[in-house]
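Student: I've just opened this structure and I'm not sure how to read it. Could you walk me through it?

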Amino acid sequence: MPPLLKKKCKPCEDSDISPMSHEDAEKLMEQLSGWLLSTDAKKITKTLLFSDFMDSLTFVNSVASLAELEGHHPDIWISYNKVTLQLTTYSIQGLTENDFILATKIDEMLKKQNIF
């Protein structure tokens, strides 16, 4: 089990958290599957293909429920059977551990649904 699965996202708005370094982000990327790190290391993105629009929506609703539980929300784009998720921490304009916690939990959800 990836260590990040055991963690919960923490509020960043009122803390002294700085954006993650490119090097630290690359290390955490090793724990993810199919996510891409932006060249400026401020965002991670994953695109998935589904069989149809309804499967896309079902997945997005599952991500939305998970995001609410974690208190950390991705940007989501839906185009028929294609869903793109993007994670960043807007309050600091970069990546934090929260982004990787949520990405790890999304990956785990995909494995359980045999989408991975």
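What follows is a talk about the sheet, the core, the surface and a few single residues.

Student: Where should I begin?

Tutor: Begin with the kind of model: this one is predicted. Then look for the strands.

Student: Okay, in what order do the strands sit in the sheet?

Tutor: Four strands make up an open sheet, ordered β1-β2-β4-β3, with antiparallel pairing. At the edges are β1 and β3 (75-79), each of which pairs on one side only.

Student: How many bridges hold β2 to β4?

Tutor: Six bridges join β2 to β4, and the two run antiparallel. You can trace some partners yourself: Thr-47 has Thr-84 in β4 as its bridge partner, while Leu-49 stands opposite Lys-82 in β4.

Student: And what about β1 and β2?

Tutor: β1 covers residues 36-37 and is joined to β2 by two bridges, again antiparallel. Look for Leu-36, which stands opposite Thr-45 in β2. The two strands form a hairpin, with six residues between them.

Student: Which residue in that turn has a positive phi?

Tutor: Ala-41 does, at about 60°.

Student: Now the inside. What's the general idea of a core?

Tutor: In soluble globular proteins, nonpolar side chains tend to be buried together. Here, the largest nonpolar core has 27 residues. Those with the most contacts inside it are Leu-32, Trp-35, Ile-44, Phe-59, Leu-85, Phe-100 and Ile-106.

Student: Which elements supply at least two residues each to this core?

Tutor: That would be α1 (22-29), β2 (44-49), α2, β4 (82-87) and α3 (97-112). The largest share comes from α3, with seven residues.

Student: Can we zoom in on one core residue?

Tutor: Sure, take Leu-85. Beyond its neighbours within four places in sequence, Leu-85 is in contact with ten residues' worth of names you can click through, including Trp-35, Ile-44, Phe-59, Val-63, Ile-76 and Ile-106.

Student: How do I tell whether a residue is buried or exposed?

Tutor: Check its relative accessible area: under 20% is buried and over 50% is exposed. Try it on Met-54 in helix α2. Met-54 has 53%, so it counts as exposed.

Student: Which residues join Met-54 in a nonpolar surface patch?

Tutor: Phe-53, Ile-78 and Tyr-80 do, and the patch is about 410 Å².

Student: What about Glu-70, buried or exposed?

Tutor: Glu-70 lies in helix α2, which spans residues 53-70. Its relative accessible area is 8%, so Glu-70 is buried. Setting aside neighbours within four places in sequence, Glu-70 is in contact with Lys-7, Lys-8, Cys-9, Ile-101, Leu-102 and Lys-105.

Student: Is there another one I could practise on?

Tutor: Asn-98, in helix α3. Asn-98 has 6% relative accessibility, so it counts as buried. Not counting residues up to four places away, Asn-98 touches Cys-9, Lys-10, Cys-12 and His-72.

Student: How do I compare distance in sequence with distance in space?

Tutor: Pick a pair and look at both numbers. Asn-98 and Ile-78 are 20 residues apart in sequence and 23 Å apart in space, C-alpha to C-alpha. Ser-91 and Pro-19 are 72 residues apart in sequence and 9.6 Å apart in space, again C-alpha to C-alpha.

Student: Where is Ser-91?

Tutor: Ser-91 is in the loop between β4 and α3. With a relative accessible area of 43%, Ser-91 is partly exposed.

Definitions and conventions:
Residues numbered from 1 in each chain as written. Predicted model: local features only at pLDDT ≥ 70, side-chain atom pairs only at ≥ 80, totals over all residues. Heavy atoms only, no water. Buried < 20%, exposed > 50% of the residue type's maximum accessible area, 1.4 Å probe, protein only. Contact = heavy atoms within 4.5 Å. Patch = residues over 30% accessible without salt bridge, like charges linked within 9 Å, V, L, I, M, F, W, Y side chains within 5 Å. Areas by Shrake-Rupley, 256 points an atom, 1.4 Å probe, with all protein chains shown as cover. Salt bridge = Lys/Arg side-chain N within 4 Å of Asp/Glu carboxyl O. Core = buried A, V, L, I, M, F, W, Y, C linked by side-chain atoms within 4.5 Å. Pairing = 2+ DSSP bridges.
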